[in-house]
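Please look through the model shown here, and then follow the questions and answers beneath it.

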Amino acid sequence: MLEKLKTDQNYRAFVMLALIMVGFLLIFLLNNVMSHFEPGTWLYRDARIFPTYPPAGNDFRVGYYHPAYYLIESHFTAIGPNGTYPSNYPPLVALSGLPYALFDATTAYAIHVVILILTNLANLAMVVLLVKKILLEKLVLSNFAINIISTILFFMTAVYIFTSYFFLFSIERGNTDSILMFYCLLAMWVLIKRPNNIWLQVILLSVGVHFKIYPIVLFPILLFKHGKKLLLPALLVNLAFLFCLGPKMAWEFIQGVTSGGQGAGIGNVWAGVGNHAAYSFSIGIDTTSGQFLSETFFIIWGITFLIPFLVWAITAISIFLKKYSTHNAVLFFMICFPIMCLLPTYSIDYRLVIFGIAIVILLGLIVKHFVQKFTWFDLIQVVLLAGVLLMLSRSAAYIDENLVFIRNKYIWILLLEVIISVNIFRSQKKCYQTEIVTNTTTALNKAM
């Protein structure tokens, strides 16, 4: 068997896919079946896996439906009652929510749920096609084998996402993370299919940014490709989106999102076990803070902020030192997902639905490496990855309240970032070795 693993690429592909499927099956059983049995008493129970705010769709109603409703009521002068701006979302969100105002709030939420499910599926389908085109088609395997691998990656990741507590959380809240990532993936598709269409790439990515700001970290991909030609389109499009409802609401948005309390600034009220941002995680482990943030908290926050930032920065620099390619663009896209969750001042667990995209790319990269060459490292890392994904999709309701480090998703996202970074460096090393072999062969051919 070991000899066959070392010599047969098709057999290696089969073993790796089997291991991945077993990993996802165990994740499902442990998180969705065994979790219902209470340790000690072994009674079957249905725990509340996240806090609910009836009626369902609170975030959708407050941040998406009501702003659109008040926008019409106020004749496009405010998104809240009495001329207020009670939202942390950019003005474009209220404008894009106008079609929902044609329906009552409950019907609009039902439509929104369908859109969330479809965009999650569309995101997985698009990223699987990206992985197939950029990673898998370079393998010495038949088209049938590559199609099988792609199909398994799609369905395994879809089952993982749709059975996770964070997906149910996102549906209950009616959150829009899958929608904004849909636009980000469209921008990636245009970058690959129509690389010189800079305006369409900027518009699509900017739509994602003006839903929730954090996709702004993806703009270096376009800068990597276009250089300084990106600056003018990016500036004009983002200013147009920011001021789409006028300077008054643009300024009120900036003031609101940077403030404490209900805003997203320091001192906001969103810290808790269901918030995996470095800021919230630091508050959870700082036992010296009372009502006010202490010096110890800021030291802890500095450390928990810098660690994922440095992992991202070192990996990104290593990518940008290479020549631009669609392969490198996809690698940078993948490494951005952890910091999109960890670096903002608040990042609630429903945002974890976006990781389906990064997981598909990562698994595609691991499969590619293992098919190209047998290593024990790949087999071991898939087992470790399954453990990380298990904890990432496990509700804190099933974890002891005293285990702060484990209950919060910060540590699991950080470990996932490290795994992603390691595989990016491995991929670059393999590409570098391939270039050396190619250049050597070309030189020998010329000499002969």
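**Helix packing and salt bridges**

Q: What span should the twelve residues of helix 11 (residues 231-242) have at 1.5 Å a residue?
A: Helices here are DSSP runs (H or I, at least four residues), numbered from the N terminus, and the expected span is 1.5 Å times one less than the number of residues. The end C-alpha atoms of helix 11 are 16 Å apart, which agrees with the expected value of 16 Å.

This is a predicted model, in which local features need pLDDT of at least 70 and side-chain atom pairs count only at pLDDT 80 or more, whereas totals for chains, interfaces and linings use all residues. Residues are numbered from 1 along each chain as its sequence is written, and side-chain values use heavy atoms, with hydrogens and water left out.

Q: Within what arc do the buried residues of helix 11 fall, seen down its axis?
A: Buried means under 20% relative accessible area, exposed over 50%, and partly exposed in between (1.4 Å probe, protein chains only). In helix 11 the buried residues are Pro233, Ala234, Val237, Asn238, Phe241 and Leu242. These buried residues line one face of the helix, because the directions from the helix axis to their C-beta atoms fall within an arc of 150°.

Q: Which exposed residues does the face of helix 11 turned away from its buried side carry?
A: The buried residues of helix 11 pack against helix 4 (91-96), helix 9 (198-212), helix 10 (219-226) and helix 12 (247-258), contact meaning heavy atoms within 4.5 Å. On the face turned away from that buried side, the exposed residues are Leu231 and Leu232.

Q: Which residues is Ile283 in contact with, leaving aside its neighbours within four places in sequence?
A: Ile283 lies in helix 13 (residues 278-285), and it counts as partly exposed because its relative accessibility is 29%. Leaving aside neighbours within four places in sequence, the contacts of Ile283 are Ala271, Leu293 and Phe297.

Q: How far apart are the closest N and O atoms of the salt bridge that Asp177 forms with Lys212?
A: A salt bridge is a side-chain nitrogen of Lys or Arg within 4 Å of a carboxyl oxygen of Asp or Glu. For Asp177 and Lys212, the closest N and O atoms are separated by 3.0 Å.

Q: Which residue is linked with Asp177 and Lys212 in a network of salt bridges?
A: Asp177 counts as buried because its relative accessibility is 1%, and Lys212 counts as buried at 11%. The network of salt bridges that holds Asp177 and Lys212 also includes Arg351.

Technical notes
Helices (H or I, at least four residues) and strands (E, at least two) are DSSP runs, numbered from the N terminus.
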